[in-house]
Structure formats: C-alpha cells, structure tokens
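Dear colleague,

I am passing on the structure we spoke about, with a short account of what came out of the analysis. Please look at the model first and then read the notes below it.

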Amino acid sequence: MKMYFSQRSGTGSMTEEDYSPVTLRDSIEKTRQALDNAYAGFDNAVDNDLIDSYIYEINSLQKRYKHLTDLAALEAVPEEETLYKHSPVRALIGHVLS
C-alpha cells in the first residue's frame with residue numbers, strides 16, 4: 001500500500017497551538033456549530049448508511065448540547081454580570097419580601 005504525503009510550502013515559521021482551557025461557553029458554541037454542520041450533512045445525504053450516521057451524530061450532539069446547557073444553568077452568575085442590579089422592580093420585590 002502506497003501512502004502519499006503532501007508538503008506545504010510556507011514561510012517556514014512554526015505556528016503556536018492554543019492550549020488555554022476551554023470555557024463552558026466556548027464548548028456550547030462549538031457543539032452548536034457541530035450540530036448545525038450535522039444537520040446540513042443530513043440534509044444533503046443520499047446514501048442510507050450516511051443518513052443513519054448523521055442521525056446518530058445529531059442525537060449525540062443534541063444530548064451533549066443539553067448536558068452543557070444544564071451545566072451552564074447551574075453555574076452561578078457573578079454579581080457584576082447581573083443586569084439591572086439596582087432596578088426599581090428589584091427594590092420593590094426586596095421590600096415586599098423583607
């Protein structure tokens with residue numbers, strides 16, 4: 001068996017990989033993009049085996065997306081990120097419940 005390798009002609013400089021930790025938001029976004037790609041592949045598939053493959057991939061990605069969004073819902077929002085921290089409605093609710 002013959003193997004062929006291609007070699008890119010570039011500037012000769014090496015690129016540096018980004019190994020920073022992946023945030024939950026980035027993971028959700030990548031999963032959503034993969035889900036969109038899987039739906040697009042499913043829409044264009046004509047072979048029965050390929051259609052089955054996309055169905056399994058879509059189901060898997062949907063479960064991953066649900067798990068990640070459940071984790072995001074459990075994550076506490078820091079105080080400085082809350083909107084309308086000093087809103088009149090919030091003050092009224094705080095007054096009524098106190």
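The protein has three helices and zero strands, and its elements, read from the N terminus on, follow the order α-α-α. Please keep in mind throughout that this is a predicted model, and that the values below were computed from it.

Two figures describe the chain as a whole. Of the protein's 98 residues, 12% count as buried. Where contacts between residues at least 6 apart in sequence are considered, 53% of them join residues that are at least 24 apart.

The helix pair I looked at is H1 with H2. Helix H1 covers residues 24–44 and helix H2 covers residues 48–74, and the two pack at an angle of about 160° with 9 Å between their axes. Since angles over 145 degrees count as roughly antiparallel, H1 and H2 are therefore described as roughly antiparallel to each other. Their crossing is left-handed, and the contact of H1 with H2 is made up, by class, of 16 nonpolar, five polar and three charged residues.

Two residues of H1 seem worth setting out individually, beginning with Ser27, which is found in that helix. Is Ser27 buried or exposed? Its relative accessibility is 12%, and because the cut-off for buried is under 20%, Ser27 counts as buried. Leaving aside the neighbours within four places in sequence, Ser27 is in contact with Val22, Arg64 and Leu68. With one of these, Arg64, there is also a polar contact, made from side chain to side chain at 3.2 Å. Given the residue ranges above, Arg64 and Leu68 fall within H2, the helix that spans residues 48–74.

The second residue is Arg32, likewise found in helix H1. Arg32 has a relative accessibility of 31%, and it therefore counts as partly exposed, a class that lies between the 20% and 50% limits. Which side chain does the side chain of Arg32 meet in a polar contact? The partner is the side chain of Asp36, at 2.8 Å. Arg64 enters the description here as well, for Arg32 and Arg64 are separated by 32 residues in sequence, while their C-alpha atoms lie 9.6 Å apart in space.

Taken together, Arg64 appears in the notes on both residues: its side chain makes the polar contact with the side chain of Ser27, and its C-alpha atom is 9.6 Å from that of Arg32.

With best regards

Conventions
Residues numbered from 1 in each chain as written. Predicted model: local features only at pLDDT ≥ 70, side-chain atom pairs only at ≥ 80, totals over all residues. Heavy atoms only, no water. Axes fitted to C-alpha atoms, helices over the stretch in contact; angles between N-to-C directions. Helix = DSSP H or I, 4+ residues; strand = E, 2+ residues; numbered from the N terminus. Parallel < 35°, antiparallel > 145°, perpendicular 65-115°, else oblique. Left-handed = near helix turned anticlockwise from the far one by under 90°. Nonpolar A, V, L, I, M, F, W, Y, C, P; charged D, E, K, R; others polar. Buried < 20%, exposed > 50% of the residue type's maximum accessible area, 1.4 Å probe, protein only. Polar contact = N/O pair within 3.5 Å; in protein donor to acceptor, adjacent residues only side chain to side chain. Contact = heavy atoms within 4.5 Å.
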